[in-house]
Every structure is written in structure tokens, then in C-alpha cells.
Amino acid sequence: PPPGRPPAGRAPAESPGWLLGAFLSFFGILWYFAPIGIYPDSGSYISLQNGREPLYPIFLAFFRFIFREEDTIVWLASSGQLDSEKAIELINRWPALHVSTLVQSLFAAFACYDLTQSVRRTFHLQTAMTVLTGLCTLIPYVLTPLASASHMVLNKAVLTEGLAFPMSAIFAGRMIRGLYAEWEQKGRHYGTAFLWALLLALTRNQMLVAFAVWCAVIGFELLRYRRWKGFCILGLAVVVFVGGRGLINRIYNGIAHQGYTGTATGSYNILTTLLYLSDTADAEALSDAVQRGLFLEMHTQMDAEGMTRAFAPQGILNRAYHYEEYYDMIGFTIQQPCLFGYMEREGVPEGEQLRQVTDMAAQMDQELFPRLAGDFVSNYLATAVSGLTRSIAASGFLMGIYAAVMYVLAIALMLYLWKKDRRSKAALLMLFALLIICANAFATALMIMCLSRYMIYYTSLFYIAGLMCLRELYQSRSRR
């Protein structure tokens, strides 16, 4: 067989019904006792706000259609009044959001079951190890309400996380089955994983990471089995993914937003980061007097509130936490009123303001970035480190030390198992877990802060891989 090919293994045992029942009971209890989670972004999904990914708004709209609810909730959401007494009364009384979060809860139960079953069948686990693996799949759903600032119950949140977390678990399960399957069966598992990666990307742009990991794993498999012609199929898959995602977005926007094509706001977001990293002396880099005046106006407010990196405490994690604390505040309370206020004073039509603001931000980025490139990279790395920490632990200095120790131990154990057996199944699973965690942390850090709820999609996978490595180590020593 090709190098690294896993042995065929025994036929898996029948699926234990108690396992699915346990997951359904856990998420049923959470759904029954936890309130519906309405957060600042919830309104944009309920109101089908343009610029949002299509799948979750369609999901919510489907239940409003089924129950023939009036558009009152949508109007309140679009006008930013979801926290009003009227909105809370309707949310509690009308069924659509209750049923949609029930479906999210059932989906989460099935996803945890599916991931547990994927690992169980691959590693031929007995009952005790199956229970421990199942408990690992619940880590995000327990960690977030207990350890995050929002205390979010993921399966009751009216946010994309309600669908994205179960999808990411099923995606991981399909990838695991593909990694250890015979060559003839790999296409079925990886094909299913491809579809889940597409659904993830239609739910959250951040989850494009899943498709990037899919491509990396397929490339690894093609090299592993020396199937060179398969790279043509991989290229075709990239075209289908990009084209399919673009087509679905275009159809959705054509129906829901009268052909809205979107405005690239990356330059606006980069400007937020550059404002945070800069000081007033950097205004001299701006050649346009108007832009220089707006920059100084924003900086005066930021300095008064301690919102720049100059006020950040020492330490990599502390700098990252300071950045994420003020990123949204800079964008929403300073940058947005200042730049859009300028456009209003200049008489720019409302429909044109966003485009002109992003154009102005792009010009400012181009002139500021060369002066701040070093700080930008430093800030990016600090944010990525905080993301790696939160991928397997909570926030804080002690948790940072814990995460660093866990990563070192995981890598050491993986290399040790591979040294003993180049076909180590557990070591391969750990490599996959580390790949997807690093990809998620470093890609997210490029786009936004690495908040816990963005990072813990694959926390379960890391601890499951660690569990399998310890099991394999124990078995190898027992056979001596």
C-alpha cells in the first residue's frame, strides 16, 4: 500500500441508540431552559440585511413563512429595535424563532452524534472511549455559556453560529472518514465534505477556511497515493465551489435585494486597524488635506478614550485583548460617524455614501500602511496567538500558558507516535486538528478579532485527537 495508508480495520459495530438519545436530551434541556439569544447582529439576519451571507437569513425567513408571521419582527429588526419591549413580547409569543432554535438544537445533537460516530467507527472505540469522545464534542456548547463574556447558548442564538457549529462538526466528521477510508471510498466522504464546506461558506464567510482545509487535505491525499491526474479534479472542484457560491449569492441578492452586488468593505475595516495602530504624527503621510483633517479628528477622540495601541498593556495576549476591546468601538462610534458625517455634509446621496467612504478608506490605507506595516504585522501575530489560545482554552494569561503547553505536548506526542509507526492513525488525526485550528486562527486574524465564538469551532477536534493519541500510546505500551 502507499506510504502512510491506514490499515483496513474491522467492520464497525452497530450505532448505539443511547448515544443519539443522550445528545438529544442534552440539547433538548438547553433549548427548553435557555432563552432565545438576541444579539447585536441578530437583527441583520432577521431583516435579511444586504451584505449578509444568504443561508441563515433564508433559514429564519422559512419559519416566518411557515407560521405566516407578520413582518413586524422584521421591521423592528431593520430599525434596530429588537431589544424593545414590543420586540421581546413578539419574540416570546410568536413561534417562528422558537421553532428555528429548536431545529438548531436538533441539528446540533445530530452533528455531535455524527462526529462521535465518525471517530468511533474509525478507531473502533468501546463504550467508555465513546462516552469521552461524545463529551469532547460538547465542549463549545458548555464553554461558551460558562466562560465567554456573552454567556451565549449557541443552539439558542439567533446568529449564524446556530447552524455553523453543527455544520463544522459534520464537516470534520466527513473529513475524518475520508482520511481513513480505502481509496475507493474516499471520493464519497470527501464529496460530502465538499458540500458541507459550501454550505458553511454560504453561512459565514469566515468558514471559507473549511474549503481551504479541504483543498489541502485533498492535495495531501493525491500526493500520498501518487494520483497526479487528481489535481485536475481538484482544480475543477475549486472552480465549482467559487462559481457555485457566487451564483447562489447572486440569485439570493437578485430576489431579496433587487440585484444588490455588494460593496467591498475590506479597506474600511483595514482603516479601523490602522487608526488603532497609528498616532497623530502619522497624519503627515496623508497627502489629501481633507483626509488628514478627518484622520486627526478621529484620533483626537480615540486618544481621549485610550483607544489606540499606545495605551495597550504589555504582553502579546494583553495587546490582542486591548485591540479587540476597542476595534468595534472605533469602527462604530468614531470612524462611522466621522466619515459618513462628512459625506452627509458634502451632500453625497445616501446610496452612494458607502462606496465613497470605502474609496476614501482605500486611499488612506494606501498612504498609511507603509508607515505602519511593522505594527500591522505585529498586531496580526498577536491576534493570531490569542486565536490559537482561544481555540483550545479560555482567555487570559494563565490560559495562554496552558494552551502553549497543550500545543507543545500535542505536537510532541504526534511526532513520537509517528516515529514509532508511520501509519499512526491518531497522529494523523492530530495533524488534521492542528491544521484546521491554525488555518482558522490565522485566517480570522486577517479579517477581524479572534473572539472565542469565532475560534472554538474545532476545539472538540483537538481534544478528541489528543484522546486518540493517548489511547494509541497506551495500547502500544500495553503490547510490549
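These are my notes on confidence, salt bridges, aromatic rings and nonpolar cores in this structure.

**Confidence**

I started with how far to trust the model, which is a predicted one. The average pLDDT over the chain is 90, and 95% of the residues reach at least 70. Then I looked for the weak spot and found residues 1-12, where pLDDT stays under 50. The model still gives that stretch 22 contacts beyond four places in sequence. I'm leaving those alone, because predicted coordinates should not be read in detail where pLDDT is low.

**Salt bridges**

I searched for salt bridges next and got 13 in the structure. I pulled up Glu161 and Arg453, whose side chains meet at 2.7 Å, N to O. Glu161 belongs to helix H9 (residues 161-180) and Arg453 to helix H19 (residues 452-455), so this bridge ties together parts 292 residues apart in sequence. Are the two partners buried or exposed? Both Glu161 and Arg453 come out buried. I also checked for further partners: Arg204 joins Glu161 and Arg453 in a network of salt bridges.

Next on my list was Lys186 with Glu221, a salt bridge at 2.8 Å, N to O. Here Lys186 sits in helix H10 (residues 183-203) and Glu221 in helix H11 (residues 208-224), with their positions 35 residues apart in sequence. I looked up accessibility for each one. Lys186 has 3% relative accessibility, so I count it as buried. Glu221 has a relative accessible area of 2%, and the cut-off for buried is under 20%, so Glu221 is buried too.

My last bridge was Arg390 to Glu324, at 2.6 Å, N to O. Arg390 is in helix H16 (residues 350-392) and Glu324 in helix H15 (residues 316-345), which puts the partners 66 residues apart. Arg390 is buried, and Glu324 is as well.

**Aromatic rings**

How many aromatic pairs does a search of the whole structure find? I got 23. I opened two of them. For Tyr32 and Phe33 I read 5.0 Å centre to centre and 85° between the planes, an edge-to-face pair. Tyr32 and Phe33 are both exposed. For Phe462 and Tyr463 the centres are 5.2 Å apart and the planes stand at 90°; anything over 60 degrees counts as edge-to-face, so this pair gets that label. Phe462 and Tyr463 are both buried, though, whereas Tyr32 and Phe33 are exposed.

I also noted one aromatic cluster, made up of Phe26, Phe27, Tyr141, Phe165 and Tyr457.

Then I looked for charges over rings and landed on Lys425. Its charged end sits over the ring of Phe123, 5.3 Å from the centre. Lys425 also lies over the face of Tyr180, at 5.8 Å from that ring's centre.

**Nonpolar cores**

Which residues touch the most other members of the largest nonpolar core? That core has 117 residues, and the answer is Phe171, Trp214 and Met468. I followed up on Met468. Leaving out residues up to four places away in sequence, I found Met468 touching Val119, Phe123, Leu125, Met129, Thr133, Ala426 and Leu429. Phe123 is a familiar name by now: its ring is the one under the charged end of Lys425.

There is also a second, separate core, with 34 residues. Among its members I noted Tyr268, Phe295, Tyr326 and Val348.

Definitions and conventions
Residues numbered from 1 in each chain as written. Predicted model: local features only at pLDDT ≥ 70, side-chain atom pairs only at ≥ 80, totals over all residues. Heavy atoms only, no water. Phe/Tyr/Trp six-rings, centres within 6.5 Å; stacked < 30°, edge-to-face > 60°. Buried < 20%, exposed > 50% of the residue type's maximum accessible area, 1.4 Å probe, protein only. Lys NZ or Arg CZ within 6 Å of the ring centre and 35° of its normal. Core = buried A, V, L, I, M, F, W, Y, C linked by side-chain atoms within 4.5 Å. Contact = heavy atoms within 4.5 Å. pLDDT = per-residue confidence, 0-100. Salt bridge = Lys/Arg side-chain N within 4 Å of Asp/Glu carboxyl O. Helix = DSSP H or I, 4+ residues; strand = E, 2+ residues; numbered from the N terminus.
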